[in-house]
Amino acid sequence: MRLSILILSLLFPFLSVAAQPKHEVRAAWLTALYGLDWPCTRAVSPQSIRKQKEELVDILDKLKAANFNTVLFQTRTRGDVLYPSSIEPFNSILTGKSGGNPGYDPLAFAIEECHKRGMECHAWMVTIPLGNRKHVASLGNRSVTKRMKDICVPYKNEYFLNPGHPGTKEYLMKLVREVVSRYDIDGVHFDYLRYPENAPLFPDKYDFRRYGKGRTLDQWRRDNISEIVRYIYKGVKAMKPWVKLSASPVGKYRDTSRYPSRGWNAFFTVYQDPQGWLGEGIMDQIYPMMYFQGNSFYPFALDWQEQSNGRQVIPGLGIYFLHPDEGKWTRDEIDRQINFIRNHKMAGEGHYRVKYLMENTQGIYDELIENFYAYPALQPPMPWLDNVPPTAPSELKVRTIDSGYTELKWQAATDNDPRNNPMYIIYASNEYPVDTSRPENIVAQNIRETSYIYAPILPWNAKKHFAVTAVDRYGNESTAAQK
């Protein structure tokens, strides 16, 4: 008899604020496609450029205030991008014109502003779909469908990169290389790294005859997607091994022993094998799109975690269903899902999308800031890449510099990876030594200098004692310097 995961999930008590994990991914997808989350203003003058930037800063300020630590910033949509690229044109949402230069580099700006706030910025890149015929035509000669016809195929009034052509993985790696080499990005996040849904007539028969090598069509297609992942993972790690590679696969891998997928899953419907990627170690994180309720969520979330091979599983939560135009969810559904994620020690959760956080749909933002995310959380470490923490910072000095303001200074730590300078985590408490295991004592994270000004919001929030630790880009934290 099947165990009802839904019933069990309802029995889990809500976690108190004090029980929040110290390490947890708290991510939000920031969607640029059609300006769904950002931008509203077109960058066509110095004033409108400033306004477009301010819109992004407002979003990041609000995410920071709610103790989010990861922004999935849409960097490539469908054959166009949000940074000055030598490969693909600018997305029209920036200026109102395909290929139009917004007068600044949105990706560089997003990374800089995220890092100012101690948050990671991941380049969210749509991979295989290239858009409909109208969109492709709007890109003109800069469209990949014109420049590299061999790797593109039309299917149902849309264009796609052909996963079965060896040139596709090289083209995508070229885009990824451009981003990883030029920017201080924390991660690359793949979306739509799959075939179209239920596509038996996808036009790849020629490639299958040429490259199939005795496999079934289904297995060959899955192998094609996995080879893209493998090729790019190895390429990224050869450049900057600390850059996280993640993907958002279909939310159900395949039927589980607990519950069926009812014919819609990653493995059979879109030819993805993300559990295979995790098992092979060619993916650091997955954000399965778990925009489901009840038994369509809990058994499949458990399945991802049980097959994770120690990698990070970060279920994507469908908070857009809280809006009456999208669904009939109530907020307690999201509350239960976050509690379930924490009870089963998954790495965190992603929220789709930013708009519903900014609008506080059904009070979701208030619930996060007051309860689930009341305290900061650090990024979970990645011991499969590096498990050696930096040395501890030393000679911590603390002095009052103004009424209510405290200046901290320390000597830099060193890391075993000479390509990276450690970052710093600041803790504060009225007890000595400061307990660095408690997230409520975290004041700031990912500080890139060897000094920090502590400015409590209210005078009675001032603390007597401080601790500083060093953390590397892999999430390894040193012992603390205390004062």
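# Reading a predicted model, feature by feature

Analyst: Let's begin with one residue: Y192 is partly exposed, with a relative accessible area of 30%. Keep in mind that this is a predicted model.

User: Happy to start there. What is the phi of Y192?

Analyst: The idea here is to look at the sign of phi and at the residue type together. Y192 is not a glycine, yet its phi is positive, at about 55°. On the chain, Y192 sits in the loop between β7 (187–191) and α7 (205–211).

User: Where is R262 placed, and is R262 buried or exposed?

Analyst: R262 belongs to the loop between β8 (244–247) and α9 (266–269). With 61% relative accessibility, R262 counts as exposed, because the cut-off for that class is over 50%. R262 is another residue other than glycine with a positive phi, near 55°.

User: How confident is the prediction: what pLDDT does the protein average?

Analyst: pLDDT is the predictor's confidence in each residue. The protein averages 94, and 96% of the residues score at least 70. For residues 1–16, however, the pLDDT is below 50, and this stretch has 28 contacts in the model beyond near neighbours in sequence.

User: Now helices. How many residues does α2 have, and how far does α2 reach?

Analyst: One way to read a helix is to compare its span with the expected one. Helix α2 (residues 46–65) has 20 residues and reaches 28 Å from first C-alpha to last, close to the 28 Å expected at 1.5 Å a residue. After α2 comes N67, with a positive phi near 65°.

User: Which residues of α2 are buried, and what covers them?

Analyst: An α-helix has 3.6 residues a turn, so residues three or four places apart point the same way. In α2, the buried residues are S48, I49, Q52, E55, L56, V57, I59, L60 and L63. Their cover includes β1 (25–30), β2 (70–76), α3 (106–116) and α13 (354–358).

User: Which way do the side chains of β8 point?

Analyst: In a strand, look at which residues share a side. K244 and S246 point one way from β8, while L245 and A247 point the other way, and all are buried. For the neighbours, β7 and β8 run parallel and are joined by 4 bridges, with H189 opposite S246. β8 also runs parallel to β9 (residues 285–286), through 2 bridges; here S246 stands opposite Q285.

User: What is the strand order in the open sheet of 3 strands?

Analyst: The order is β4-β6-β5, with antiparallel pairing. β4 (129–132) and β5 (152–155) are at the edges with a single partner strand each, so one side of each has no neighbour in the sheet. On average, neighbouring strands of this sheet are turned by 25° against each other, direction ignored. β5 pairs with β6 (residues 158–161) in the antiparallel sense over 4 bridges, and Y155 has E158 as its bridge partner in β6.

User: Which peptide bonds to proline should I look at?

Analyst: Here, omega is the angle to check. The bond from W38 to P39 is cis, with omega near -5°, and P39 lies in the loop between β1 and α2. From Y432 to P433 the peptide bond is also cis, with omega near -5°; P433 lies in the loop between β16 (423–429) and β17 (442–447).

User: Finally, what does UniProt list for residues 24–315?

Analyst: An unreviewed UniProt entry gives "domain: Glycosyl hydrolase-like" for residues 24–315. In the model, this span is 37% helix and 16% strand, and its end C-alpha atoms lie 12 Å apart.

How values were computed
Residues numbered from 1 in each chain as written. Predicted model: local features only at pLDDT ≥ 70, side-chain atom pairs only at ≥ 80, totals over all residues. Heavy atoms only, no water. Pairing = 2+ DSSP bridges. Axes fitted to C-alpha atoms, helices over the stretch in contact; angles between N-to-C directions. UniProt positions renumbered as here; feature names shortened; annotations may be inferred. Expected span 1.5 Å × (residues − 1). Buried < 20%, exposed > 50% of the residue type's maximum accessible area, 1.4 Å probe, protein only. Contact = heavy atoms within 4.5 Å. pLDDT = per-residue confidence, 0-100.
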